[in-house]
Every structure is written in C-alpha cells, then in structure tokens.
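I opened a fresh notebook page for this one. Below is what I looked up, roughly in the order I went.

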Amino acid sequence: MTANKALQDHLSKLVATHGVLFTKLHQHHWFVKGPNFFILHEKFEELYDEINEHFDEFAERLLTIGGEPFSTLQEFIDNSSISETPYTKEVKQADMVKSVLEDFGILVKDLAEGIKLAGEAGDDITEDMFIGYKTEIEKNMWMLEAYLG
C-alpha cells in the first residue's frame, strides 16, 4: 500500500517530533525536584511511555504505506515540530508541566493536520490513528492544566 507523499512526509515529521518529545519527557522525569516530585516523576514516565508507543506506531504505519521514517537523532532534531531544550539550569515543576502543555499543543495541531491529510488521501486507518491519539493528548492536556490549577 502506498500513500500520497504529503501524508508520508507528515508521518515522518510526527516520528521526528516524537523522538524529541520522548527525550524531553525523560529530561523532566530525571530532573524534577520539589514537593510534587513523586507525582510528577511518575506522570512524566507515564507520558514518555505513551509517546514511545505512538512513536513506534507512526514509524511502522509509515513503513506500511510505503514511506521511510526519520531514524537518527539529528533527523529528529532537524524535522521535529517541537524544539529540543537542553537542561542547563534547574526548572521549576510548574514550568516543566507548562513545557509539556506547549509541546502537546503543537502536537495537537500536527495531528489535526494529519487527520486532514489522511482523510484527503482516503487512508482511514491512519486517520483513525490520528483521531484516537489526538483525543488522548487533549485529555492529558486537560489533566495537566487541572494540575496547574
């Protein structure tokens, strides 16, 4: 099965974005400090596990429809919708959560674009993947916003 080039390119961009986001969530998991350490340490781990599942699903779906996912760290950095953020100074817990919310907001926009592209390509399987995942990310955003109060 071969999809159109725009959908393949979009899936590859999502793979790159997930590579960067996976690393950023690990960063928060490793470096979180403060009174909500246990809650956030566990939540960031839960989130990077979820991101990793979709990271792999998108790469495998891309291969299924005839594309080739980005697969190097440099390709991830160069093609991600979100930016890498080196950890150079202590980051407050709330700022870590806000960072995740910002990245998830970008991801939601990417998924909306993917839904459109997959629909135009008649690829209901990829479209369904994007819709379900967008729902998950939006729920996580709601929970993180509630955490921040």
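**Entry 1: the fold**

How many helices and how many strands are there in the protein? I counted five helices and zero strands. Reading from the N terminus, I wrote the order down as α-α-α-α-α. A reminder to myself: this is a predicted model.

**Entry 2: overall dimensions**

I looked up the radius of gyration next and found 16 Å. A compact globule with 149 residues would come out near 15 Å, so the value agrees with that expectation. Along the principal axes, the C-alpha atoms fill a box of roughly 50 × 30 × 20 Å.

**Entry 3: inside, outside and charge**

I then checked burial: 43% of the 149 residues are buried. The exposed area is about 8100 Å², with 54% of it supplied by carbon and sulfur atoms. For contacts, I took pairs at least 6 apart in sequence and found that 82% of them join residues at least 24 apart. I also located the charges, 13 positive and 28 negative, and their mean positions lie 8 Å apart.

**Entry 4: helix α2**

Helix α2 covers residues 37-64. Do its ends sit where its 28 residues say they should? What I wanted was the span: at 1.5 Å a residue I expected 40 Å, and the end C-alpha atoms are 40 Å apart, so the two agree. The buried residues of α2 include L40, F44, L47, Y48, I51, F55, F58 and L62. I noted that K43, H54 and R61 of α2 are buried as well. Which elements cover the buried residues of α2? The cover includes α1, α3 (73-79), α4 and α5. Just after α2, I found G66 with a positive phi of about 95°.

**Entry 5: helix α4**

Helix α4 spans residues 93-121. I ran the length check on its 29 residues: 42 Å is expected at 1.5 Å a residue, and the end C-alpha atoms are 42 Å apart, so the helix agrees with the rule. Just after α4 comes G122, whose phi is positive at about 70°.

**Entry 6: helix α5**

Helix α5 takes in residues 124-148, which makes 25 residues. Its expected span is 36 Å and its end C-alpha atoms are 36 Å apart, so this one agrees too. In α5 I listed T126, M129, F130, Y133, I137, N140, M141 and L144 as buried. Their cover includes α1 (5-31), α2 and α4. Just after α5, G149 takes a positive phi of about 85°.

**Entry 7: two residues of α1**

I picked out H10, which sits in helix α1. Is H10 buried or exposed? Its relative accessibility is 7%, so H10 counts as buried, the cut-off being under 20%. Leaving aside neighbours within four places in sequence, H10 is in contact with D110, E113, G114, L117 and F130. F130 was already on my list of buried residues in α5.

T17 was my other pick, and its place is also in helix α1. With a relative accessible area of 1%, T17 is buried. What does T17 touch beyond its neighbours within four places in sequence? I found S80, S81, I82 and D110 in contact with T17. D110 is thus a name I wrote down twice, as a contact of T17 and as a contact of H10.

How values were computed: Residues numbered from 1 in each chain as written. Predicted model: local features only at pLDDT ≥ 70, side-chain atom pairs only at ≥ 80, totals over all residues. Heavy atoms only, no water. Helix = DSSP H or I, 4+ residues; strand = E, 2+ residues; numbered from the N terminus. Rg over C-alpha atoms; globule rule 2.2 N^0.38 Å. Buried < 20%, exposed > 50% of the residue type's maximum accessible area, 1.4 Å probe, protein only. Contact = heavy atoms within 4.5 Å. Areas by Shrake-Rupley, 256 points an atom, 1.4 Å probe, with all protein chains shown as cover. Lys, Arg positive; Asp, Glu negative; His and termini not counted. Charge placed at Lys NZ, Arg CZ, Asp CG, Glu CD. Expected span 1.5 Å × (residues − 1).
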